[in-house]
Amino acid sequence: MSVTEKTAEIGFFSCYKNQLKHFKTLMQSDWYRGVFALSLTLLVPEYLAIALVFLSVIFFFRSIKSENLSVKIGRLGALLTAYICVSFFSCLYAINKMHSFLMASLWAVMLIAYFYITTVLNNRSRLRIAIQTFTVVAFICGIISIIQYTLNLFGDFNYILNIWYPLDKLIFDLILPDKLVLNWMGNRTASTFNNPNLYAMEMIIILPLGLYCLLTAQTKNARIIHSILMIVGFIGMLFSFSRGGYLSFLLMLVVFGILNFSKSRLSRWILLAICMLTAGFILIPNPFMDRLSTISFDDVSISTRLDAWYVTWDAFKEQPIGYGIGSFNVMELLKNANIQNIPHCHNIILELLAEGGILTIIIYTVMTWFVFFPNIKLHRSNDPDGSMLGATFLAIASGFLLFSMADFPMSTPKGILIFCLILAISDASGDLHNIKPLKKLTK
């Protein structure tokens, strides 16, 4: 373990005066260059995220060669691989065979990120550095969201609420229907994503990692910095005005609080939550409450979702093997039912059933089992760091599942990547804390 990694073990932000020096030292390591490239995917357009994943392959092979590492896989990675195999099989009978092949290939590309994380994060210091890097990126997304909302609040800057819209429109006009790119979003921000709900989903997954960093920080400077990162990230998420995001984040906090109720540091996250919620209500009381008040069966967004649910459920009953992986196949079903301009059915269970049928739902059910129960065991361990990590992943899983009941987060490259990354971090954590060792695929 290098000197930089040993320093990071007590907090990557433990000494703010030396952070630039530490970062430069880390960037000389191939393993961190790859992690850094994967973290940057959250800041770039969807298609460039794919390019950054391919870039990480270079650092992956360099790390394997220079450190004589073995490629590792956990149970979640094995299930991801099984899902990809089912995805390619669905190309044989899919409504849109080319789209199914491209989506299955996209999943295969994003699986690289899973193998990268489980292989190079081979000690707790690296794991913590990687987690902290992703929380910094979430902070940057939050800043961008706040700037977007503020500019639009005091002027007609609606076009910047989706920061990559001009480039997205140019690219997607060439290869995808433009209707998949949101132009007008009211006062909702999407930060670096092309959809406010996808942005909210990213924050639901990454902000709990920030809570973990905050509650396990061992210096005052580190706690201050992580508090700022969390507050800015949370406020930025509020400007997405994602109702599912609000409720899922609240559930995440509740689960995190219950699991850590007996911890001596409970007061820290309670104070942090109070500060974040207070800031949110002070800054955007009217839009926030207006958005929540629209939750009813008369709301167009909700009524459209309900119609889509009925259609996809009926379609699954007619063809239990599904209609092919990829949202275009489900879009065709919805279009035939006169439900227009909706990219998926906005429910992870029904989407999986409609795309891949009963096989995919079985895979994801087993995957959910292997997320919850190993992390319950990790949370119950006597290792304070492991216990906090277990609580973190349980909170993330709870928030993600609730969010997915009204959306389908894995419909874009970045959505798939974030999903693969969090599964990889969970598997790596279980291995490093002796819960479930990873299997070596190479010597």
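Here are some short exercises with worked solutions on the predicted model shown above.

**Exercise 1. The chain as a whole**

Find how many helices and strands the chain has, and what share of its residues is buried.

*Solution.* Start with the secondary structure: the chain holds 19 helices and 2 strands. Next, turn to burial: 59% of the 443 residues count as buried. Then look at the contacts with a separation of 6 or more: 78% of them join residues 24 or more positions apart. Finish with the surface, where about 18,600 Å² is accessible. Carbon and sulfur atoms account for 67% of that area.

**Exercise 2. Two helices and their spans**

Check whether the end-to-end distance of helix α4 agrees or disagrees with its number of residues, and repeat the check for helix α11.

*Solution.* Take α4 to begin with, which covers residues 46–67 and so has 22 residues. The expected span is 1.5 Å times one less than the number of residues, and for α4 this gives 32 Å. The end C-alpha atoms of α4 are 31 Å apart, so the two values agree.

Now do the same for α11, residues 243–259. Its 17 residues should span 24 Å, and its end C-alpha atoms are 24 Å apart, so here too there is agreement.

As a last step, list the buried positions. In α4 they include Tyr-47, Leu-52, Val-53, Phe-59, Phe-60 and Ile-64, while Glu-46 and Ser-56 are also among them. In α11 the buried residues include Arg-243, Tyr-246, Phe-249, Met-252, Leu-253 and Phe-256.

**Exercise 3. Positive phi in Asn-68 and Ser-191**

For Asn-68 and Ser-191, give phi and the place in the chain, then decide for each: buried or exposed?

*Solution.* Begin with Asn-68. Its phi is near 55 degrees, a positive value in a residue other than glycine. Asn-68 comes just after α4, in the loop between α4 and β1 (72–73). Over 50% relative accessible area means exposed; at 64%, Asn-68 is therefore exposed.

Move on to Ser-191, which is not a glycine and has a positive phi of about 55 degrees. Ser-191 sits in the loop between α8 (165–175) and α9. The cut-off for buried is under 20%, and Ser-191 has a relative accessible area of 0%, so Ser-191 is buried.

**Exercise 4. The setting of Gly-430**

Work out which helix Gly-430 belongs to, and which residues it is in contact with beyond its neighbours within four places in sequence.

*Solution.* Locate the residue: Gly-430 is part of helix α19. Check its accessibility: the relative value is 9%, so Gly-430 counts as buried. With the neighbours within four places set aside, the contacts of Gly-430 are Ile-435 and Lys-436. Lastly, look along the chain to Gly-74, which is 356 residues apart from Gly-430. The C-alpha atoms of Gly-430 and Gly-74 are separated by 9.1 Å.

**Exercise 5. The second largest pocket**

Describe the volume of the second largest pocket and the helices that line it.

*Solution.* Volume comes before lining here: the pocket has about 370 Å³. Its lining consists of 21 residues, and Thr-368, Val-371, Phe-400, Leu-401 and Phe-419 lie nearest the centre. Now assign the lining to helices: α16 (348–356), α17 (358–379), α18 (384–404) and α19 (413–432) each give at least two residues. The largest share, 7 residues, is that of α17. By class, the lining has 18 nonpolar residues, 3 polar and no charged ones.

**Exercise 6. Cavities**

State how many cavities of 30 Å³ or more there are, and describe the linings of the largest and the second largest.

*Solution.* The count is 3 cavities of 30 Å³ or more. The largest cavity holds about 70 Å³ of space, and Leu-42, Phe-134, Ile-205, Ile-206, Leu-209, Ile-418, Leu-421, Ile-422 and Ile-425 line it. Two or more of these lining residues come from each of α9 (196–216) and α19. The largest share, 4 residues, belongs to α19. By class, the lining has 9 nonpolar residues, with no polar and no charged ones.

Turn to the second largest cavity, with about 40 Å³ of space. Its lining includes Tyr-83, Trp-107, Ser-327, Glu-355 and Phe-408. The class split is 6 nonpolar, 3 polar and 1 charged.

Terms used: Residues are numbered from 1 along each chain as its sequence is written. This is a predicted model: local features need pLDDT of at least 70, side-chain atom pairs count only at pLDDT 80 or more; totals for chains, interfaces and linings use all residues. Side-chain values use heavy atoms; hydrogens and water are left out. Buried means under 20% relative accessible area, exposed over 50%, partly exposed in between (1.4 Å probe, protein chains only). Contact means heavy atoms within 4.5 Å. Accessible areas come from the Shrake-Rupley method with a 1.4 Å probe; for residues, only the protein chains shown count as cover. On a 1 Å grid over the protein atoms alone, a cavity is a set of points where a 1.4 Å probe fits but cannot get out, and a pocket is an open set with protein on both sides within 12 Å along at least five of seven lines; lining residues have an atom within 4 Å of a point. Grid points are joined across faces, edges and corners, and a volume is the space filled by probe spheres set on the points. Ala, Val, Leu, Ile, Met, Phe, Trp, Tyr, Cys and Pro count as nonpolar, Asp, Glu, Lys and Arg as charged, and the others, Gly among them, as polar.
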